[in-house]
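Dear colleague,

I am writing to hand over the structure shown below. An account of what was found in it follows, and I would be grateful if you read the two side by side.

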Amino acid sequence: MTSTAEVFDVLIVGGTWNPNGEGVSRTFADALDPKRFAPQMVPYPADYGKQVTYQDSVAAGRRALIEAIEATPNRVVLAGYSQGAAIAGNVAAEIGRGELPHLEVVACALIADPLRPEGACIDADPGGFGIVGQRPVTGVPTYWAAAKGDPITALPAGNPLRLVADLTGYFSMASPLAMLRWGQSLVDVATRRELQRWWSPAHWRTWGGAVAYARGYLLDGRHTDDYIRHGHTRRLAEVINREVVEGAR
């Protein structure tokens with residue numbers, strides 16, 4: 001008599017302007033064991049200022065991901081790429097802290113997380129940490145894939161590109177009202193002293209390199225193609241295939 005293996009839903013949150021998961025997210029999903037994992041994309045705006053601000057897109061993604069977890073009868077693995085990794089990692093952290101007690105996930109897989117903690121990586125440490133800052137995840141087994149030179153997830157502490165993340169969370173030119181809201185957000189960030197201290201003398205060794213990291217993002221595929229051509233997404237899927245076992249708690 002044979003028993004049916006448990007199937008885990010893998011809820012994947014795509015990256016900015018790529019909510020359907022082509023490219024990086026797809027290569028991760030395709031490398032999962034199809035007998036044990038059922039990947040599905042979680043729809044959300046995945047925008048960064050064209051019509052929806054980054055912060056509003058992240059908030060909508062969080063709501064959509066929580067609803068997707070609530071809707072499935074199966075146990076869940078969370079996954080995300082770039083903006084989607086910020087969302088999936090944030091939800092995993094909330095669950096791990098006990099802030100969403102009605103939800104349970106067995107693992108979390110994050111690709112190019114803009115909130116990756118320093119040193120967290122399935123491969124050799126690429127250095128730096130997320131461009132938005134650092135968000136640890138406890139209570140939920142979490143695995144990070146990070147490509148060397150990717151400024152979104154492996155940016156040195158003293159790199160001035162951190163200002164981009166600090167100042168564009170509510171960036172939008174969709175309307176005069178949206179532009180006014182962005183301007184107010186800049187004032188709020190400054191008055192609440194929420195700017196990352198990239199200019200601190202403690203980080204002087206990594207002050208340079210903004211142009212190289214910007215080129216890596218814009219032209220050299222450090223945030224996109226490198227995850228496929230260097231096998232980061234495949235190896236992350238292999239970790240999930242190995243570590244998420246039937247009967248996992």
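Y217 lies in helix 6, which covers residues 210-218. Please bear in mind throughout that the model is predicted. With a relative accessibility of 39%, Y217 counts as partly exposed, because the class of buried residues ends at under 20% and that of exposed residues begins at over 50%. Together with L218 and L219, Y217 makes a nonpolar surface patch of about 350 Å².

Overall architecture

The secondary structure consists of eight helices and five strands. Followed along the sequence, these elements come in the order β-α-β-α-β-α-β-β-α-α-α-α-α. The chain has 249 residues, of which 50% count as buried. Among contacts with a separation of 6 or more, 74% are between residues 24 or more positions apart. The accessible surface of the chain is about 12,200 Å², and carbon and sulfur atoms account for 57% of that area.

Helix 1

S25 belongs to helix 1, residues 24-30, and at 2% relative accessibility S25 counts as buried. Leaving aside residues up to four places away in sequence, S25 touches I12, G14 and Y81. The adjoining R26 takes part in a salt bridge with D30, in which the N to O distance is 3.7 Å. D30 and R26 are four residues apart in helix 1, so about one helical turn separates them. D30 is exposed, at 55% relative accessibility, whereas R26 is partly exposed, at 36%.

Helix 2

Helix 2 comprises 18 residues, 54-71, and its first and last C-alpha atoms are 25 Å apart, close to the 26 Å expected at 1.5 Å a residue. Its buried residues are Y54, S57, V58, A60, G61, A64, L65, I66, A68 and I69. These buried residues pack against strand 1 (8-13), strand 3 (76-81) and helix 3 (83-96).

Helix 8

Helix 8 has 12 residues, 232-243, and the 16 Å between its end C-alpha atoms agrees with the 16 Å expected at 1.5 Å a residue. Within helix 8, H232, T233, L236, A237, V239 and I240 are buried. Viewed down the helix axis, the buried residues fall within an arc of 155 degrees, so they line one face of helix 8. The elements covering these buried residues include helix 1, strand 2 (37-41), strand 3, strand 4 (107-111), strand 5 (142-145) and helix 7 (225-229).

A salt bridge joins the side chains of E243 and R242, with an N to O distance of 3.3 Å. E243 is partly exposed, with a relative accessible area of 39%, while R242 counts as exposed at 51%.

Salt bridges around D226

The structure holds 11 salt bridges. One of them pairs D226 with R222, whose closest N and O atoms are 3.5 Å apart. Is D226 buried or exposed? At 4% relative accessibility, D226 counts as buried. R222, by contrast, is partly exposed, with a relative accessible area of 28%. R222 and D226 are also linked with R229 in a network of salt bridges.

With kind regards

Methods: Residues numbered from 1 in each chain as written. Predicted model: local features only at pLDDT ≥ 70, side-chain atom pairs only at ≥ 80, totals over all residues. Heavy atoms only, no water. Patch = residues over 30% accessible without salt bridge, like charges linked within 9 Å, V, L, I, M, F, W, Y side chains within 5 Å. Areas by Shrake-Rupley, 256 points an atom, 1.4 Å probe, with all protein chains shown as cover. Salt bridge = Lys/Arg side-chain N within 4 Å of Asp/Glu carboxyl O. Helix = DSSP H or I, 4+ residues; strand = E, 2+ residues; numbered from the N terminus. Buried < 20%, exposed > 50% of the residue type's maximum accessible area, 1.4 Å probe, protein only. Expected span 1.5 Å × (residues − 1). Contact = heavy atoms within 4.5 Å. Arc of directions from axis to C-beta.
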